[in-house]
Amino acid sequence: MNKTVYSWGHTRPFNSYAHYIQSKFGTRIQKISVHGNFTCPNRDGTKGVGGCSFCNNDAFITAYCTPERSIAEQIAEGKLFIKQRYKRVNRYFAYLQAYSNTYAPLSRIQALIKEIQAFPEIIGVIIGTRPDCIDNEKLDYFAELSKQYYVVIEYGVESVYNKSLDAINRGHDFACSKNAIYATAQRGIHVGAHMIIGLPTESEQEILASAHIISELPITSLKLHQLQIVKNTKFADDFSKNPEQFSLFTAETYIPFVANYLTYISPHIMIERLAGDSPRRVRIAPNWEGVKYETFVQKLEQYMLTHSLWQGKNIHKSIEI
Ligand code: SF4
């Protein structure tokens, strides 16, 4: 049976970022998480002190990635860690994931990038940050860097709705995300955006409608995470007092929902991640125990193919809120 080849040039029903990276570099590239020992304005008192309601950085920091280790030690241990699973991988991106990795003077960011660039097997850097932690000076530097190094600036956007951004104590509004995204893309830098699916302030229709808003932005790649309640967060407290206010996706309910969501996402946006998987040590709910990410993605793709759904199918369809 002939398979449909979509506008993004392959048969997966969404525009896969992994496929793009494989084609661009001719091989699999793994990310090594690097802790640059930054903090966050939503934790140090500049914007707030408690952090975002969902955030516990322990939920995604890998064991080797701690600020007590030097950058060289983190990279060496990260490579060993990755080699246990992907023996043939020999090229990497450094992933500055923890906290806000542009929340420092430019000179400190430049010094960190220089340290990373001393490793020739690291062929690019992904910089996770908040949209209010970037400025023209830093963007001009990253634009220059991106002429000879693969650079992605990944913004935590989380929601397009200010009512949600207020409710999660984010400390910036959606206009701030939009401005940062445009300023970054206009300089030719790849832009990643991270969104949370399932915030308690948003109906399912609102989440679907947000896909239209995201699709109008000049972003390169999109990461989606279903809302997860993790320990030591404001949401964990709220959940213990009143779990009914959260309507959390199970793996079974998330697949049809996210499949539908993708039909409203423009085909030009590459999909980098579709779900999160907090480690058991911090996870409270929902319980996706035993659901491996790769299996989840296979099931999602199968669902999309079976139901004749693909990314962008409904891009021109309006959504009633
Ligand atoms: S999600 Fe990012 S911005 Fe929010 S508290 Fe955590 S590190 Fe800070």
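Okay, one bit of vocabulary before we start: when I say helix or strand, I mean a DSSP run, H or I of at least four residues for a helix and E of at least two for a strand, numbered from the N terminus. Also, please keep in mind that this is a predicted model.

With that naming in hand, let's begin with S308, which sits in the segment after α10. Its phi is positive, about 50°, even though S308 is not a glycine. Why mention that? Well, most residues other than glycine have a negative phi, and most peptide bonds are trans. S308 counts as exposed, because it has 9 C-beta neighbours inside 10 Å, and the cut-off for exposed is 12 or fewer.

There's another one like that, N232. Here phi is near 60°, again a positive value in a residue other than glycine. You'll find N232 in the loop between β7, residues 229-230, and α8, residues 234-241. So is N232 buried or exposed? Somewhere in between: N232 is partly exposed, since 14 other C-beta atoms lie within 10 Å.

And what about the peptide bonds? Which kind of bond joins A285 and P286? A cis one, with omega about -5°. P286 itself belongs to the loop between β9, residues 283-285, and α10.

Now let's move to α10 and the helix packing. Two packed helices are described by the angle between their axes and the distance between the axes, so those are the numbers I'll give you for each pair.

Pair one is α9, residues 251-263, with α10, residues 293-306: the axes come within 9 Å and cross at roughly 50°. That angle is neither under 35 degrees nor in the 65 to 115 range, so α9 and α10 are oblique to each other. The crossing as α9 passes α10 is right-handed. If you want to click on the contact, α9 brings A251, I255, P256, V258 and A259, and α10 brings F296, K299, L300, Y303 and M304. Sorted by type, that contact has nine nonpolar residues, no polar ones and one charged.

Stay on α9, because α9 also packs against α7, residues 204-215, at an angle of about 35° with the axes 8 Å apart. The passing is right-handed here as well. On the α7 side we have E204, I207, L208 and A211, and on the α9 side F257, N260 and Y261. This contact holds five nonpolar residues, one polar and one charged.

Then there's α3, residues 106-117, against α4, residues 136-145, with an angle of about 20° and axes 10 Å apart. About 20° falls under 35 degrees, so these two helices, α3 and α4, are roughly parallel to each other. Their crossing is right-handed. L106, I109, Q110 and I113 of α3 meet E137, K138, Y141 and L145 of α4. The split for this one is five nonpolar, one polar and two charged.

Let me pick out a few single residues. N15 is in the segment before α1, which covers 17-25. N15 has 26 other C-beta atoms within 10 Å, so it is buried. What does N15 touch, not counting residues up to four places away in sequence? W8, P267, I269, M270, I271 and Q311. N15 and L262 are 247 residues apart in sequence, yet 9.8 Å apart in space, C-alpha to C-alpha.

Q226 is in strand β6, residues 221-226, and Q226 is buried too, because 21 other C-beta atoms lie within 10 Å. Leaving aside neighbours within four places in sequence, Q226 contacts I197, G198, F249, Y254, A275 and G276. I197 is 29 residues from Q226 in sequence but 4.6 Å away in space, C-alpha to C-alpha.

L80, in helix α2 (residues 71-85), is exposed, as it has 10 other C-beta atoms within 10 Å. L80 and Y64 are 16 residues apart in sequence and 9.8 Å apart C-alpha to C-alpha.

Last stop, the ligand. Which residues surround the ligand? C40, N42, R43, G51, C52, C55, N57, Y99, S100, R130 and G156. By type, that shell has four nonpolar residues, five polar and two charged.

That's my tour, thanks for listening.

Methods. Residues are numbered from 1 along each chain as its sequence is written. This is a predicted model: local features need pLDDT of at least 70, side-chain atom pairs count only at pLDDT 80 or more; totals for chains, interfaces and linings use all residues. A residue is near a molecule or strand if its C-beta atom, placed from the backbone, lies within 6 Å of it. Ala, Val, Leu, Ile, Met, Phe, Trp, Tyr, Cys and Pro count as nonpolar, Asp, Glu, Lys and Arg as charged, and the others, Gly among them, as polar. Axes are lines fitted to C-alpha atoms, for helices over the stretch in contact, and angles run from 0 to 180 degrees between N-to-C directions. Angles under 35 degrees count as roughly parallel, over 145 as roughly antiparallel, 65 to 115 as roughly perpendicular and the rest as oblique. A crossing is left-handed if the near helix is turned anticlockwise from the far one by less than a right angle, and right-handed if clockwise. Two residues are in contact if their C-beta atoms, placed from the backbone, lie within 7 Å. A residue is buried if 20 or more other C-beta atoms lie within 10 Å of its own, exposed if 12 or fewer, and partly exposed in between; C-beta atoms are placed from the backbone.
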